[in-house]
Each structure stands twice: as structure tokens, then as C-alpha cells.
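The following exercises concern backbone geometry, burial and side-chain packing. Each task is followed by a solution in steps.

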Amino acid sequence: MVKVLRFNFLGFAILFFAYSSYAFPGGEPGAFLNYGVTPRSLALGKAFCGLADDQEATYFNPAGLWQLLNQEVRLSHFTLYGARLEYIGYALPTKYFGSFGLSLLNFGSEGLDSRTPDNYQGNPTFFYENAYIFSYAYSPLSNFSFGLNLKIIAKALYLYSGAGFGADFGIFYKPTSFLSSGLFIQNLWEPKMRLLDFGEEEIYPRSFRLGLCWRTYQDRIKVLFDILSPFALFSEGFSSRYLDPHFGVEFELVKGMLVQRTGLDKREISLGLGLGRTGNKSSLFIDYALLLHHQSNFILKPTHKLGLALKFGGFRIWIESYPKIFSPQPGVGENILAMNLKYTTKRKVKRWQLLIKNELGEVVRNYSGWEEPPTRLTWDGLDEATRLVADGKYYYEITLVDIRNESFQNSGFLTTVKTKGPAGRIKVKE
């Protein structure tokens, strides 16, 4: 398997550099739908189809929405050499009806110079192109899902405007815990519009995106590769100039707090960071990306991208424990730590495991069982060998596995064991 993966990634690298001298057709309607809309995907070289594990799946591959366990909101704003791109998106996973998503993109610019046919300067004008995307994903099998986008695209230039309707389709396949893939067909139903009643009709062309993601180091490292191409590749015969490869790597430096990203495509080298806090009930991350335009020999200035990601509600598990300072005593059954398990899952739980760890990460106590876990457990402060644990801070790590063998886990602070009183001296009077 390792040899196969090495061969695949070597092939991807050869493919990437072989085609890097060619340009993807530019100036086509809807090009802003192939750029990327959050700093995370931009920092990954716009390679996201085979990962698609957050709300931005609505943009790169809606089938990936089934992976989401929490409700999620993403916001971003960045400039594009004289224009701007704004994004807001929301995702809602449900227990029985699949996952839903809603996204709004605004691409445009104001204060544009206007001229008459005789080259007289007119009042400044504007341009905008908006996309409203409604997404749905469903997983009929444990490692396979499909997704659909229905979208409305509105466009305006000065006094002229138009709107069109379209649809996208995607599939997501995860055969193993470390490998996943995706296929996204954009504009399967092609949006069409006219800005003038007598003007030429714009047709947003079909394209496809194929993506792969390889995970390692306990899912903290992700290596991504995407290929984007219009369907002209099939109708006009194979030509490497149509292929647009993207490559990215994500590394979680500090679990749940700090993420580093880097990426490469034909136009830009990208670097990025994600900084935030993952809690029991919600998480908040600020994402940043720096894009260096190597295609222009770095004549174009670097651009900075900022975004915000908020996760809340949905399917999760955590433990509420008390007291927070615990003084166990062997043989005293009343002096125990109470642990209340809070969880909600998509499907019925098949097995569970709770580990209690010390500050060094060593497991001192193990609870496990089949079917649904109890809502309350207790700990008497003893390890597996019934010895009193040392003073210090203790943490929990809990894992649930459902009937589809899909697992999710959480960890956090549990309690502080303190059996010794404060140090002091006894003064003896003579």
C-alpha cells in the first residue's frame, strides 16, 4: 500500500509540473466559481475536492457535507487585484435527512471608469456577479455520498443585468480512514443569461474537478491534489493545456488550536495559518492566507486573505465532571469523581471507550463497553492496578463508534487530584 501511495503521489507531481506551463482558459463566464472562497482552501492551493470536510464543500464538492458533525458558519473577505470577493456560508447536518448548505458569493468592483463611444469620460460605474448556492448531501453507504447544488447567478454592469439558474453534482468516496476522493461536475445544468435583450447569451461552461486526499499522523497531516478541467477536454480531444492541477498540505501543529497550510498551483504559491480554540460545545478559528503570484514572475503584489469559521451544535460528545479538585482516599467510597457523559450522534452507537490520562499522556484508567455508553460514570482516583494515582491534572479522551464503524472523539480537562496539603513547618516551643 505504501508503494502504491508513493507511486500515486510521484505521478501527481510529474503531472503537475508537466502541465504547469499551460494556462487554463480565462475570461469565461463564472470564473469566480473556480477560484476558492476561504483562506483555508486558498492556502491549500485551491485543492479541496477530495477533502471537502467543512462548509466550503458547497463550493468544491457538496457531497463532502455529509462528513460535518456540527453546524458551521464561514465568512471571508479578500481583494483580487482591483476587485473583491465576499463569502458567507452555512451548513446544517441532520440525523435522518442528510446535510444542507447555503452559500452567498459576491464578486465585484465599484468606481470603474466609464467612457462614451466618443471617449468622453462618464460617471464611475460598477460591476457585480453574485451566486446563491443551495446544497444537499446524502450518504446511502458508510463510505460513499453524493451531493447536489442548485444555484442562482445574478450579474450586473451599470444599467444592464441578468440572471441564470444552474446545478452542480458531486460524489465523495472514502474507502479507508487515510484516503478519500471526490468528483465534482460544475454546471451540469448550465446557467445562461443575457445582460441585454438583444445581446449575446452567456453560457457558463461545464467543468469537472477530481480530487484526492491522503491523511496520516493521526489525521493531523493532510496531503491534497486536485485536477480541474472543462468538458472541452472530451469534446475537442485530449490537450494538456486544459488541465489545471492544484496541490496542498495541511498540518495541525497544535491539536485543536494551530494549523499550518501550504499550496501550489499554476498561478500562485500559497501559505496559511489557522488559529483558534476548539471547545466542547463550539469552536472558533481565524484563517489567514498569503498568495504569491509566481505566474507573473512576482510582478503582481502578494495578496492577503482573511476568514472566520464558527462551529456549534450538531453531533458531539463531551464530559462534565465534578469536583474540579479531587482528593481520593482508598477505602472511602463516598469520595469519588462524578463524570456526566453528554453526547448526540447521527446513528446508534456500537461501542465506546473512555480513557483517563495524566499530564504525561499516560493512560491510568480505561472504561469501555458495547452499545450506548452510560450517561454517568464515577472514578475513585485509582489506576488499573487499584493504586492511588499521583497528584496532578488529569484529562479524558472519549471515543464513540457507530453502527457504520464511523468514529468521533473528544478530549479535555477532567480534574485535578490533590491529596497533599500545603507545605509548612511546625514550630516547637522549648
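Helices (H or I, at least four residues) and strands (E, at least two) are DSSP runs, numbered from the N terminus. The model is predicted: local features need pLDDT of at least 70, side-chain atom pairs count only at pLDDT 80 or more, and totals for chains, interfaces and linings use all residues. Residues are numbered from 1 along each chain as its sequence is written, and side-chain values use heavy atoms, with hydrogens and water left out.

**Exercise 1.** Locate Tyr158 and describe its backbone.

Step 1. Tyr158 sits in the loop joining strand E5 (144–157) to strand E6 (160–176).
Step 2. Although Tyr158 is not a glycine, its phi is positive, about 60°.
Step 3. Most residues other than glycine have a negative phi.
Step 4. With a relative accessible area of 47%, Tyr158 is partly exposed (buried is under 20%, exposed over 50%, partly exposed in between; 1.4 Å probe, protein chains only).

**Exercise 2.** Is Ser270 buried or exposed, and which residues does Ser270 contact?

Step 1. Ser270 belongs to strand E14 (residues 269–278).
Step 2. Its relative accessible area is 2%, so Ser270 is buried.
Step 3. Beyond neighbours within four places in sequence, Ser270 has contacts (heavy atoms within 4.5 Å) that include Leu42, Ala43, Arg261 and Leu291.
Step 4. A polar atom of the Ser270 side chain lies 3.0 Å from the backbone oxygen of Ala43.

**Exercise 3.** Identify the peptide bond geometry between Tyr322 and Pro323.

Step 1. This bond is cis, with omega near 0°.
Step 2. Pro323 lies in the loop between strand E17 (316–322) and strand E18 (325–326).

Definitions and conventions. Polar contact = N/O pair within 3.5 Å; in protein donor to acceptor, adjacent residues only side chain to side chain.
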